[in-house]
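Hello,

Here is the structure I promised to pass on. Please open it alongside this email, and then read the notes below.

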Amino acid sequence: MPHIQVKLWPGRTEEQKQALAGKIVAAVKETMGATDEYITVGIEDVPASEWPKKVYKPEIHDKIDSLYKKPGYFYSDEEMNG
């Protein structure tokens with residue numbers, strides 16, 4: 001039962017989000033053998049000013065060992081905690 005949560009900076013259209021969700025579902029079905037009724041996809045807009053504290057620190061920095069695709073960018077401790 002995969003649930004995928006995507007967080008993005010604001011600015012994408014509803015059509016772009018629907019297309020992304022569709023491609024994620026297709027990839028999960030193909031790769032994991034899951035069926036539609038067990039796959040959920042959420043998409044959340046997070047303002048750039050809130051990204052270091054709301055996304056980067058708790059979901060990237062603090063869980064770096066579980067990431068299969070690591071970022072090519074970083075934030076300072078001040079930006080994440082300040």
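Let me start with the pocket. Helix H2, residues 51–60, gives the most to the lining of the largest pocket, with four residues. Please keep in mind that this is a predicted model.

The largest pocket holds about 300 Å³ of space. Its lining includes Lys7, Trp51, Val55, Glu59 and Ile60. Also in the lining are Ser66, Leu67, Tyr68, Lys69, Lys70, Pro71 and Tyr73. By class, that lining has seven nonpolar residues, four charged ones and one polar one.

Next, the charged pairs. Side chains of opposite charge can pair when their charged atoms come close. How many salt bridges are there? The count comes to six.

Take Lys7 and Glu59, since both line the largest pocket. They form a salt bridge, and the closest N and O atoms are 2.6 Å apart. Lys7 lies in strand E1 (residues 3–8) and Glu59 in helix H2, so the pair ties together parts that are 52 residues apart in sequence. Glu59 has 32% relative accessibility, so it counts as partly exposed. This pair does not stand alone: Lys7, Glu44 and Glu59 are linked in a network of salt bridges.

Two other pairs are worth a look on screen.

- Asp36 and Lys29: their side chains meet in a salt bridge, at 3.3 Å from N to O. Asp36 counts as partly exposed because its relative accessibility is 45%. Lys29 is also partly exposed, at 35%.
- Lys54 and Glu50: these form a salt bridge with the closest N and O atoms 2.9 Å apart. Glu50 is at 32% relative accessibility and so counts as partly exposed.

Last, look at Lys17. This residue sits in helix H1, which covers residues 14–32. Is Lys17 buried or exposed? Its relative accessibility is 15%, so Lys17 counts as buried; the cut-off for buried is under 20%. What does Lys17 contact, leaving aside its neighbours within four places in sequence? The contacts are Arg12, Ile43 and Asp45.

To find your way around, begin at helix H2, which gives four residues to the lining of the largest pocket. From there, go to Glu59 and across to Lys7, its salt-bridge partner. Then follow the network to Glu44. Finish at Lys17 in helix H1.

Best wishes

Technical notes. Residues numbered from 1 in each chain as written. Predicted model: local features only at pLDDT ≥ 70, side-chain atom pairs only at ≥ 80, totals over all residues. Heavy atoms only, no water. Helix = DSSP H or I, 4+ residues; strand = E, 2+ residues; numbered from the N terminus. Buried < 20%, exposed > 50% of the residue type's maximum accessible area, 1.4 Å probe, protein only. Contact = heavy atoms within 4.5 Å. 1 Å grid on protein atoms, 1.4 Å probe; cavity = no way out; pocket = protein on both sides within 12 Å on 5 of 7 lines; lining within 4 Å. Points joined across faces, edges and corners; volume = space filled by probe spheres on them. Nonpolar A, V, L, I, M, F, W, Y, C, P; charged D, E, K, R; others polar. Salt bridge = Lys/Arg side-chain N within 4 Å of Asp/Glu carboxyl O.
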